[in-house]
Structure formats: C-alpha cells, structure tokens
Amino acid sequence: MLSDIEISNQAKPYTINTIAKRINLTYKDLECYGKYKAKVTRAKLREIMTNPKYSNGKLILVTALTPTSAGEGKSTVSIGLADALHRLKKNVCLSLREPSLGPCFGIKGGATGGGMSQIVPMDEINLNFTGDIHAITAANNLLSAMIDNHIKFGNELDFDIKKIRFRRCVDLNDRALREVTIAQGGTLNGSPRTEHFNISVASEIMAILCLAEDLSDLKAKINQMVIGENSKGAPIYAKDLRATGAMAAILKDAILPNLVQTLERTPAFVHGGPFANIAHGTSSIIAARTALKLSDYVVTEAGFGADLGAEKFFDIFGRKSGLFPDAVVLVATVRALKMHGGVKKEDLSEENIDAIRAGFANLRKHIENLRQFGVEPIVAINRFTSDSIRELRVVQGLCLQEDVEGVISEGWEKGGEGCIDLAKSVIKRIKLNQKLNNKPHVLYEDSLPLKAKIEKIATTIYGAKDVSYTAAAEAELGKLTEWGYGDLPICMAKTQNSISHDKNLLGAPSGYIFPITEIRLSAGAGFVVALSGEISTMPGLPKHPAAMDIDVDDNGVISGLF
C-alpha cells in the first residue's frame, strides 16, 4: 500500500466551496485559502450561533487506550467513522485539532489520519495550514516582548523579575530552549534573567483560543492572564500591560475555524491544536459549535489515551462549553494490547493470545474510567494487517466480558467502508442513550479544593494510592487558592505512555504514589496545570528526527511526511 503522503498526493479533492455546500455554506460564507482550505467568516459564525434555526447535532467523542509505539490510529478511526456515517447518508462533520510542527518533524508524525482515512491536503494541514499556530506564537511572543520592554523602561507595574510567569514559545521541539538566559550584552538589551520556552501548542494562548466562544471572549480571557507578580507578591495581569488589543489583532483570523475535507469528501473542521499530555487536548469550542449547528453528527477526538484527553474533554472542555458527547468510541489495537502485555515491538507480528489477555488490563481500566463520567463506550478495534482473526475475536470476547461492544474497524485499509459496522453501532448507542436519558457529567465539582481535585484524578483515573507534592507545588497551590483560583479545574500534565506518571509502567498500574512536581496557573484559559514526573512543556527531538526524511521536489511535491 502507498504511504500516507503518496495517497494524499494522488487524491482528487473537491474545491472547498463544493464541500461547504454539503453543510449549507455558500461561497460568501467562506474566506478561502487556495482551492481546498477555507475559514468560515465572522458574519456567518455570528448567524449560526444566534439564529434558532440552527439546532445542535449529536457529538461523538473518539478516545483511545494508552498509546504505544505500535500505533493506535485514533485520528484514522475518527475520520473513517465520519466517512462511514457519510456513506450511510448522514449529514456529518469532523471537528479535529490542527497538527503541530513539533511532532511532524519529531517522532510522532502528523495528525491527519492514515491510509484511506485521511483529511486533505495532508501536507498543507500538517505544515503551515492557514497560519493559526504561527499567529498564536506571534501573539504569545509579543506579550513576552512587552513584558521585558516594560521592565526596561521603568517597570511601573513593579514586576519581580524572578517571578515572571509568562513564557515565550515556538512550535518546534527544541530542548535547548527549555531554560535559557536572555538579555545578555549589557543594559541596552534589558535585564538579564532566566527564561523558559513552551512549545506553542502547550501555551496558554493556544488554550484560550480553543476555549473562547468568540473574539470578545478571547480578549476577556487574555485580559485575565496572570503574567507575573509584583514585589509584594500580588498578581500582574495582561490587561495591566495593555497588551490585549494587539494580541487579539494578531489572532483575529486564527480564531475562525478552518474547513477542509476527507479523502471521501466529508467536511472537516480542523481548528486549534493543544497537546493532551501537557494541555487540554481538544479542538476549539468554536469549531465544535459550528459543526454541531451545521450537521446532524459531529465526530471529534481527544488527544492520547482516555486518562488524558477524555478526562480533560469532560472536566475542562465540557465543563466550560456545556458540550458533552452523545456517544464515546474507545480505540484499541491488538498490537497495543500485546505491548501492554509485555511483548516487544519487533515481536508484535507473532500471534500471542496470552499477551492480549494480560494487556487488556489497560483497556479495562479505560472502560472503567469512562464510566466514571456516565458514559458507556464502544470499543473500536483498529485492525492492522498483521492481526490474526483469532486475536481480533479474543479482544471482542474480552470486551463482551466487560459488557462493552467491540467492533472491528478497518478505516486505514478501506476508508469509510471499513467503518460501517462501527458507524451503525454508534448510531444505535446514541438512540439508546436518548431512550435511557443518559447524561454525561464531570468527575468533580468546582467547589472541591485544588488538592482534592488532583487527588480525585490521580486515585480514580490513574489508579494511584496517594499523591505527593514538592514543597514548591504545595506553596503554589496555597497561593492560587489565596488569589481566588481554588474553583478552577485541573489540567494534568504527565506522560502519555502510561496511565501513571512513569512511562515505563504499562498495563494498569495501581497502588503507587503519584508525584506532583510543579503547579502553573492558566487563569485566562481557566484552569490550573499540575505537572508530574519528567514531563516537559518543551519536547525534544529524537536521535533520528522525522525532519531528516522529509523533502520537497522542484514541483513543490512533499515526500517523507507521515
């Protein structure tokens, strides 16, 4: 079979205005970026959100078991499911995140699906797309520049230079920028201090854009960002620096949702790109609301495993937007289950029923976790060519023992056709949930103290026995509560490769101490970030980065992207 980029390069997509017609958008409702990409205009968004003729469709959340290097294919299943619903004559849209350049040039690759279940143009979406993430980077770094400039020219706000909370960012994996010294070369260049970079998709600006309802709300959220402390220990806000207007001017187009299509020409909104292991991991509220108003079914996904992406979907995205899924799909693979059962990657092609049974503990834990939010998942068994029929049947049988339906999904090889059974099961589940009046809910209430929220997530979702805190984390939690931020939800930042904080603990670890090493406030986005283990908000490149294999020919055709 051809590579993902080769399949994408051979695709014959419709023009974007033709795709827009499928969801009753006209050419004048679009701001086009070439033939195959567009943003929905501000005027049309305002009409969609205020006109009662636009009612909400059904929201389908796709999440997964704990990721492994063997691959799970959550985006592939999401796209295949949407294409299958389209084949069943349903009015359907996708609502997915934008890929970050960091993983594209690093180790994970892009985020446009795979095989015959892709969104296109794959190369443009994975690289610069419509410039949204570049705008986020620019707005973020403008604020950083204004902070240092303010300090240079008198420091009227009385910034404590050792307690500047806001970080610069860049949308690349660059470990050398995790901790740097800036303003070297004398007083002409400012006051030397230690600075830290985030990857752009882990920045508070990215989170704000994804959680804002409109441009006015985005400005209000930027205003509330705590960017530092003064010499008395009181918070300094972005609004104090009068930075909001200029930042919003940079972001005025980035906040508009992007419309593209799948290989099977299903409309797809691709907007916002927060990582789920260090940010809240969902596409934008604006994109989700737009898709729900324009279609009967919307397929969205939450990043990495259900312990990260799905938990944050309910506890952050759902809590703030009021949007909860009408059905949840939990993606698993035979290969990932075998890895969680102790099989090495090079041995995954060999049939191993015992390893599947052992590794199923990981999937079982995710099923249990999703039930904590009041939902009954459908397990999509994303089939790889090396999977034996016997292995697939064993997984289905294990799902049945948990009173969960396990449906084989073949979107990578067959596109929408390979996900028809999954689509039918999802439709049945939505109807059953309606009949039973099942209502998804958050894990904890706003009124719970910050430490109690952290401990609720760690013990209930991660299987920990208890939580430990560094002295600095304890002090910061106390300070944030004192400042009035005790009612905010928690955004956990931990490894994606284990339910725990330790990437080496596969399966379903339990009975351990979950360590909180650092606490950060994202007051504008409206959550508190709790970091655990060795997690970093600025990833590094692997020994052999994917960038080494990417090229472009004289005709502008890109190769090596995956």
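In which sense do strand 4 and strand 16 (residues 297–301) pair, and over how many bridges? They pair in the parallel sense, over 4 bridges. Strands and helices here are DSSP runs numbered from the N terminus (E, at least two residues, for strands; H or I, at least four residues, for helices). Two strands count as paired if DSSP finds at least two bridges between them.

Before going on, a word on the model: it is predicted, and local features need pLDDT of at least 70, side-chain atom pairs count only at pLDDT 80 or more, while totals for chains, interfaces and linings use all residues. Residues are numbered from 1 along each chain as its sequence is written, and side-chain values use heavy atoms, with hydrogens and water left out.

**Strand 4**

Let us stay with strand 4 (residues 92–96). Within its pairing to strand 16, Val92 has Tyr297 as its bridge partner. Strand 4 also runs parallel to strand 15 (residues 267–270), joined by 3 bridges, and there Leu96 is matched with Val270. Of the 5 residues of strand 4, 5 are buried, so the strand is largely enclosed by the rest of the structure. Buried means under 20% relative accessible area, exposed over 50%, and partly exposed in between (1.4 Å probe, protein chains only). In a regular strand the side chains alternate between the two faces of the sheet. Here both faces are covered, with Val92, Leu94 and Leu96 buried on one side and Cys93 and Ser95 buried on the other.

**Two open sheets**

An open sheet of 4 strands follows the order 20-22-23-21 with mixed pairing. Strand 20 (466–469) and strand 21 (490–493) are its edges; each has a single partner strand, so one side of each lacks a neighbour in the sheet. Neighbouring strands are turned by 40° against each other on average, direction ignored. Axes are lines fitted to C-alpha atoms (for helices over the stretch in contact), and angles run from 0 to 180 degrees between N-to-C directions. Helix 12 (residues 306–321) lies across strand 21 and strand 23, at about 165° to strand 21; contact means heavy atoms within 4.5 Å.

A further open sheet, of 3 strands, has the order 7-12-13 and antiparallel pairing. Its edge strands, strand 7 (159–164) and strand 13 (235–237), each pair on one side only. The twist averages 50° from one strand to the next. Helix 7 (residues 132–152) lies across strand 7 and strand 12, at about 135° to strand 7.

Each sheet offers an antiparallel pair for the table.

| Strand pair | Bridges | One bridge pair |
|---|---|---|
| Strand 22 (residues 513–522) and strand 23 (residues 527–532) | 6 bridges | Ile519 and Ala530 |
| Strand 12 (residues 226–230) and strand 13 | 3 bridges | Gly228 and Ile236 |

**A pocket**

Elements of both sheets meet again in the second largest pocket: strand 7, strand 12, strand 22 and strand 23 are among the elements that each supply at least two residues of its lining. A pocket is an open set of points on a 1 Å grid over the protein atoms alone, with protein on both sides within 12 Å along at least five of seven lines; lining residues have an atom within 4 Å of a point. The lining of this pocket has 35 residues, with Ile164, Arg165, Arg167, Glu518 and Arg520 nearest its centre. Strand 22 gives the largest share, 6 residues.

Technical notes. 1 Å grid on protein atoms, 1.4 Å probe; cavity = no way out; pocket = protein on both sides within 12 Å on 5 of 7 lines; lining within 4 Å.
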